[in-house]
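Okay, thanks for coming, everyone. I've got one structure to walk you through today, so let me put it up on the screen.

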Amino acid sequence: MKNKKPIFALFVALVCVFTFSVTIAVCTAYAEPLVYEYFSSKENCSVTYSKNKGWKIKTSNNSQETYMFTLNKSVLSYYVNKGYTNLEITFGNAFDDVEYAGAPVNCKAWVLPAESGKNGNYAWDYVLADRGFSTFYISGWNVRGEGRYSITVDLTNARYDFVNYGITFYLESKDVLGNFVGACFIHSVEFSGVTEEAPEVPENAVKLEKGAQVRMVSPIALGFVSRIDFSVYNNLKSTYGEQNVVVGTAIVSQKELVASGARLTVEDLDLYGLDYDNCIAKTFINSDTAEADGYYRFRAVKYIDSGYLTEKYAALSYIKVTTVLGISYYYYSDFSTEDNVRSALEVSSLAYSDLVVGQDEAYGNQVEFDEKVPENAGKYSPYKAEYREFLSDYLTARYFVENGESSYKIVISQNATEVELLAAEFLKEKIAEATGADMPFVYDTETAGVKGCYISIGQNKLLEDAGLGSLAEQTVCDDGYIMKTVKNTLFIDGIIDRGTLYGVYDFLEQRLNYLLVSSECYTFIPTKNLEFCEIDVALSPTFTSRTYLEFEVMQGYTDPVTATFRRTNNFYLGSMDGYGGKEDVGYVGYDRVHNMQETIIEGVNLYNKIHDTFYNYAEYCIRYTNDNEHYIFMPCLTSGLDGEVGVLDFVFVAMKKLILEKYPQGIKYYSFTQEDSYIDNGYCTCNECNTAEMLYGRSGLLINFMNALADKLSADPEIQANAPDFHLFSFAYHYTKEIPKVSPEKLRCNDNVAMMICLNADNAFNSLFEEGYTSKKILSSWGAYCNDMLFWGYDGNFAYYLDYYPTTSGVLADNVFGLKNIGATTYLINGLYNADNLWFAKMHAYAFSRLAYNFDYEMYAKGSDAYVDKLVKEYLRAYYGESWLAVYNYVTYYMDAYEKAGVVLSGTTPCSSLLSKAQHKEALALIDKAIEDCTNPEIIKRLYSIKATNLAVEIINYTRFNGNSKTAQWKADAYAFCDEFTSVCQKAGLTVWRETGNVSSISAYIDYFKRTVIG
């Protein structure tokens, strides 16, 4: 009879631990590909796999199934390290008779390298060929109940390190001629053995002494002193061996641990993934003689890199006992007071000035003294001269400004940009204003190799020498910035200049309590001291592009200082030259948006000129009337898609010229957006467009055209050579705001086509993402159709500018949070931008700007209303000074009244009409009282702006409030009211606002009221 080769299937045992006796049930297969690869390549073999039984290998000339089972290295190592000395394997009754054909069933065990199997050197080859890998020693086996058999393997004599090796067991049965005939199924594997109990150590065996000490070695280190109970220490050494009892101290950075002021335990280190071996300080016991209190004293020293002098450190002192089985136990000291949380700079500073000469007992042998205290070394300084020199660089950095004086200098590049100069000058001016200290400018060429204290602004050689030249580009995006201290230098740098300017603003706000509201208003708290502290900030803005359209940041009225204070950067800004520019957008025509008509008109003219043709744009558009005044031409968005000359070709030539000629420096976005219309049918209704609309929807029709336009531009050689990174955007607005009728798998925007979703974002009490709202469905769905989503919302009543529009609730934060979560990159709010000195527009713009640039997720988690309320209070305190609380009460009065009245805000209906005249007068009384009590003329002017909008409420609701009798007295009262309103507006500096489509003066507004209401 021919020998039959043993064929095995591989399973892995899953383990379940029970005290000191452990059972491993074989319940899942070891499904590495090499199992299948090896056996399926063998002659007369078939290989199958089932979820319940695992791998099954059969031979064509033997009906018996064979199994091989592996106990992998991690499982085995776990139990060996836990101290289990014996491995007991229990076999089930795979055969009715354990002996087969007169031959006993044999157990074999191999120790196999964990990495075997690579490069075709399969572990299974070793098993099948019986190449003599070392086996474990078998101590015997016996019959157990229920037809089960067991064998015990002594682990104490294992020849291999289980970290690198695993053990494989299998049973085989051979006939009398030695031919393999079958194998037994392994039912379970059990561990048994004796584990040593942990040594008993009293809780107070280790004590951490109060306070940190400084050791001046190589060149600076931080030290802690601890004590260990004399009797406990000696008993442990005699029981477990001196080499197995170690006292140690882990000195850990609080920046890593985040456990300052709390109990620091072994569990804390494990929780934060800190390894004892990596944070243990050098520890040594002073002597073998216990002190009077029965404790040995031992010291720990951690060497501190000079770059981390200002980090806080805490200590954990412990005894580590390792048993003969290799199990380690830790017994640690309490860590419960701020006295044991110190930075190296703190203890160095104290020791530098206050250490008494000869205090060797208190500070140990690690302090190195000069024989004599040199002059000018500090009153009691015992340090060697080189250590004093080293420390002097850092000790001067305890303050940016101390007692109104500073050793700091502001560093700029010799080739500094206009914005970097502006940022540096602004920093210098505001530090001097707050502290009285003068920080002179120096060029980076003057700092090379010169020790000193610096604040570095923007890109310069000092930044590069510190290894931070490209840090901003690596860590933040858009107009974000880094703010980082290295030793005694502070670096502020943005990817672009605007980011650097924002970094300076944030430093002033965070460290000197500046609150920058606008160019006309900022506040700060004077101080003579500005402490140095470690700073490591890398801030990326919440949205790439963001703006709240308000008078001071709108086109020709733009105040660049106010715009940068608000971190506004959108394309509707006016000139920002010298202030870092803006996120511009390319467009054809007179406006950045609503430009489809202008684009196709220019495109037809260009096409005719290039090709000597005579196309008429009106033949490719639908004409409709907007506001019963203007004719608007909207292009056919299926024209030209079929290869015939049409709208696609005309728009292409216009956009190509725009991209290559108007913006040769290159910008990201180019606009092709539908016209504005209060009638919701301003689109082409030709047969092709109607058919496409039925299939794809109006938004699908638009996406299809934008993709075709982007593809045509991308394929143009001149565009490829000069502006390959262009992006187009269009509107999801009015009739295109709904998502396409087909799935995004069938139609979605190209990667270089963005959509700006235009929805009302002006409800004070319900966010865009409120459950059940159409807006949530629209916004959440659009993300599947475009990789780049822009958002345009609204905040104001455009028919009644002066009607107070109460949108300073938590909804502001909810909308920002929701839009960020769905991936919006641009957040633009169309506010009441055609009104100067409109008080609530300024307040809304401030709150929005804070949310849209640096959204505080921790603050938001505490409640959106509380978050926005905090921002409102910040603004009011700064803008209204002594009168801020009266204005806050006015704001909350209206918010409460409108919420009770169930107001739903509208762009055309005044919300003030929901309240009574008495309610408005009650609110006005708060402002009248504030004006009466105020002593600051500028704040009084600002309060009059609030009063003007309150009086405008009466104009809007005049006949409802006062009847319409048209009597002589009624008319006299109405004319008197007009005079009062005019006077208040003049005192407020409120001169123009737009209502019903026009920019109005006070006199024009009053004339209209007199003509239409008084008569």
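I'll start with the whole chain, then go through the sheets, a couple of residues and some helix packing.

First thing to keep in mind: this is a predicted model. The protein has 1015 residues, and 53% of them count as buried. On the secondary structure side, we get 30 helices and 42 strands. If you like contact maps, here's one for you: take the contacts with a separation of 6 or more, and 72% of them are between residues 24 or more positions apart.

Okay, sheets. Let me begin with the seven-stranded one. This is an open sheet, and the order goes E32-E40-E39-E38-E37-E36-E33, with parallel pairing. Which strands stand at the edges? Those are E32 and E33, the latter being residues 585-586. Each has a single partner strand, so one side of each has no neighbour in the sheet.

Further in, E38, residues 753-758, pairs with E39, residues 789-794, in the parallel sense, and there are four bridges between them. To pick out one pair, Cys758 has Trp792 in E39 as its bridge partner. There's also a helix packed on this sheet, H17, residues 647-662, and it touches E33, E36 and E37. The direction of H17 makes about 140° with that of E36.

Now two residues around this sheet. Back on the edge strand E32, which covers residues 545-548, we find Ser545. Is Ser545 buried or exposed? Its relative accessibility is 6%, and the cut-off for buried is under 20%, so Ser545 counts as buried. Setting aside neighbours within four places in sequence, Ser545 is in contact with Asn569, Asn570 and Glu583, and also with Thr825, Thr826 and Tyr827. And E40 spans 824-830, so if you're following along on the screen, those last three residues sit in that strand.

Right after E40 comes the other residue I wanted to show. Gly831 is in the loop that connects E40 to helix H22, which is 839-853. At 0% relative accessibility, Gly831 is buried too. What does Gly831 touch, if you don't count residues up to four places away in sequence? The answer is Tyr548, Leu549, Asp795, Phe798 and Tyr801. For a distance, the C-alpha atoms of Gly831 and His844 are 8.7 Å apart, with their positions 13 residues apart along the chain.

Next, another open sheet, this one with six strands. The order is E24-E23-E25-E27-E26-E31, and here the pairing is mixed. E24, at 441-443, and E31, at 536-539, are the edge strands, pairing on one side only. From one strand to the next, the twist averages 20°. Inside that sheet, E25, residues 453-457, and E27, residues 489-494, run parallel and share four bridges. Ser456 is partnered there with Phe491 in E27.

One more strand pair before the helices. E19, residues 312-322, and E20, residues 328-332, are antiparallel and joined by five bridges. Lys320 is opposite Tyr330 in E20. What I like about E20 is how its side chains alternate: Tyr329 and Tyr331 point to one face and are buried, whereas Ser328, Tyr330 and Tyr332 point to the other face and are not.

Last part, helix packing, with H27 in both pairs. H26, residues 917-933, packs against H27 at about 165°, and the axes are 10 Å apart. The two helices are therefore roughly antiparallel, and their crossing is left-handed. Among the residues making that contact are Leu924 and Ile927 of H26, along with Leu943 and Ile946 of H27. By class, the contact of H26 with H27 has eleven nonpolar, two polar and five charged residues.

Then there's H25, residues 884-901, which packs with H27, residues 937-956, at about 25°, with 12 Å between the axes. That makes H25 roughly parallel to H27. H25 also passes H27 in a left-handed crossing. On the H25 side we have Val887, Tyr890 and Tyr894, and they meet Leu943, Ile946 and Asn950 in H27. By class, that's five nonpolar residues, one polar and no charged ones.

That's what I had, so over to you for questions.

How values were computed. Residues numbered from 1 in each chain as written. Predicted model: local features only at pLDDT ≥ 70, side-chain atom pairs only at ≥ 80, totals over all residues. Heavy atoms only, no water. Buried < 20%, exposed > 50% of the residue type's maximum accessible area, 1.4 Å probe, protein only. Contact = heavy atoms within 4.5 Å. Axes fitted to C-alpha atoms, helices over the stretch in contact; angles between N-to-C directions. Parallel < 35°, antiparallel > 145°, perpendicular 65-115°, else oblique. Left-handed = near helix turned anticlockwise from the far one by under 90°. Nonpolar A, V, L, I, M, F, W, Y, C, P; charged D, E, K, R; others polar. Pairing = 2+ DSSP bridges.
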